[in-house]
Amino acid sequence: MKKMFRNANAFVDGIFMSSDILIEDGRITAVLPAGSGPASGDTEVIDLFGKYVFPGLIDVHVHFREPGFSHKETIATGSLSAARGGYTDVCTMPNLSPVPDSPEHLEEELTLIRQQAVIDVHPYGSLTVGEKVTEVADIEGVKDNVCAFSDDGVGVENDSLMEEAMNRCKAVGKLAVAHCEVKSLMGGKHLNEGLASKALGIEGISCESEWKMIARDISVSKKTGCGYHVCHVSTADSVRVIREAKRAGVDITCETAPHYLLLDEEVLLKGGCASANEALGQSGAPGQSKNVSDSINDLGADSIKIEVIGILAREAEQEKSIGGLVRDEKFLGRFKMNPPLRSRADREALLKGLLDGTIDMIATDHAPHSKEEKERGILGGPMGVSGIECAFPVLYTGLVKTGVITLEKLITLMSTAPAARFNIESGIREGATAKLCVYDLDEQYTVCGEKFASMGHFTPFEGIKVYGKCLMTVCGDKMIKHERNREK
Ligand SMILES: [Zn+2]
């Protein structure tokens, strides 16, 4: 069946053009000026009345949890959640069971993808066997069926092992993609080393644990010539070392995630300390915990405001909504991820990095956990939040509506740039696979994790009013229409 999107405000070759887009058998057969496409005949016409059509969004960092952890997410629920966010392509991280470190182990994941995925899912292979950092994985054996190689979730601390892994990635023409974390410099396991950890009297996660490993990897990438991509950059120092490496000609790219751009640790100080402290008392860490209200007073918390960029803060009335939930420890798990929300200065450095091109793309690090797990809160629960379904709306609302970046730049960060680096097809043009999403950018609604298609319902953007509703996602011959009122 032939289909035509009439009157689409489509992103074509880097600009928005009023277009008619013809699709047949999962391919774009023509992109014409609006109104000039065929009127009827054997073509189903879908009039978009000027709604936006973007190339399908691409997320190079998601956790769909299968095989191994189906109580957190499945390929079916994860891919539907991604489709609802406007994504047509995602790259799934290999911290699975079994870890895709050999053709046999990878086949388990590929089988599930073939059975369940509603969009294109590209698995990562692991860098090391079982992500145990003792032996390099069968990189040559799985290379044809993976997008790149990573040990996401753990840092490959062994220098010679990383060098061997990068040499072998280079030989098969794939990127080495790194979760950068030096365990000995990690400190605590819950929060950034900063205002909130100090207020709680607990050890925080240092910035050094991230940028030190990036710096090490840069030197290995230089030595081996292997293309290198840094996962979820969260600190100012990380941005600095990556900027310097780019200037020096290293084959390096990086991503950050929406929560690092739009939120920082102050959201926790304002919303989290009282209940987190209570949990700390319950967790049996006597002596570490101190009176939190005193600590906040020490820090002058009256002057500390949750600052979510511009319109997000104003429209969500963040202070009020999160303030109302201060005593609900279950709520706070939604701010726990690895790396953690950093300082305001770090967030500002990430925004600068986004603007000057140091940060190449935005990935979500969609990392769902079960409700029961996340309800253990900021100190007892696992790291990781759901993000793929609301990533575009929160970024559009927080960065584009406020004038920080243009819509064109956001599409580049979320589709064009990841496509180019990870060799994934993207773009609205004649002859291309039909991969696109339709967005109504005027529609406003409130983010509600309970209504996500994902099995992970914990998002740091809970309760925030956003603009931008994805109405439809097209991935080849699959056309997925999303119910208009699902978040209302
Ligand atoms: Zn990671």
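Here are four short exercises on this predicted model, each with a worked solution.

**Exercise 1. Getting your bearings**

Work out how many helices and strands the chain has, and what share of its residues is buried.

*Solution.* Start with the secondary structure: the chain holds 18 helices and 16 strands. Next, look at burial: of the 488 residues, 56% are buried. Then turn to the contacts. Taking those with a separation of 6 or more, 76% are between residues 24 or more positions apart. Last, check the confidence. The mean pLDDT is 87, and 86% of the residues reach 70 or more. One stretch to handle with care is residues 272–328, where pLDDT stays under 50. The model has 104 contacts beyond four places in sequence for that stretch.

**Exercise 2. A pair of strands**

Find out how strand 2 and strand 3 run relative to each other, parallel or antiparallel, and what sits in the turn.

*Solution.* First, locate the strands: strand 2 covers residues 15–24 and strand 3 covers residues 27–33. They run antiparallel, joined by 6 bridges. For a concrete pairing, pick Ile21, whose bridge partner in strand 3 is Val31. Now go to the connection. The two strands form a hairpin with 2 residues between them. In that turn, Asp25 has a positive phi of about 50°.

**Exercise 3. Placing Val172**

Decide whether Val172 is buried, partly exposed or exposed, and which residues it touches.

*Solution.* Begin with its place: Val172 sits in the loop between helix 4 (159–171) and strand 10 (176–178). Now count neighbours. Val172 has 15 other C-beta atoms within 10 Å. Buried would take 20 or more and exposed 12 or fewer, so Val172 comes out as partly exposed. Next, see who is around. Leaving aside residues up to four places away in sequence, Val172 touches Ile139, Glu140 and Lys143. Take Glu140: it is 32 residues from Val172 in sequence, yet the C-alpha to C-alpha distance is 6.8 Å.

**Exercise 4. Two helices side by side**

Describe how helix 6 and helix 7 are arranged, and name the residues that make the contact.

*Solution.* Two numbers do the job here, because packed helices are described by the angle and the distance between their axes. For helix 6 (residues 208–224) and helix 7 (residues 236–247), the axes come within 8 Å and cross at roughly 15°. Helix 6 is therefore roughly parallel to helix 7, as the angle is under 35 degrees. On the helix 6 side, the contact is made by Glu210, Trp211, Ile214, Ala215 and Ile218. Helix 7 contributes Asp237, Ser238, Val241, Ile242 and Ala245. As for handedness, the crossing is right-handed.

Methods
Residues numbered from 1 in each chain as written. Predicted model: local features only at pLDDT ≥ 70, side-chain atom pairs only at ≥ 80, totals over all residues. pLDDT = per-residue confidence, 0-100. Contact = placed C-beta atoms within 7 Å. Pairing = 2+ DSSP bridges. Helix = DSSP H or I, 4+ residues; strand = E, 2+ residues; numbered from the N terminus. Axes fitted to C-alpha atoms, helices over the stretch in contact; angles between N-to-C directions. Parallel < 35°, antiparallel > 145°, perpendicular 65-115°, else oblique. Left-handed = near helix turned anticlockwise from the far one by under 90°.
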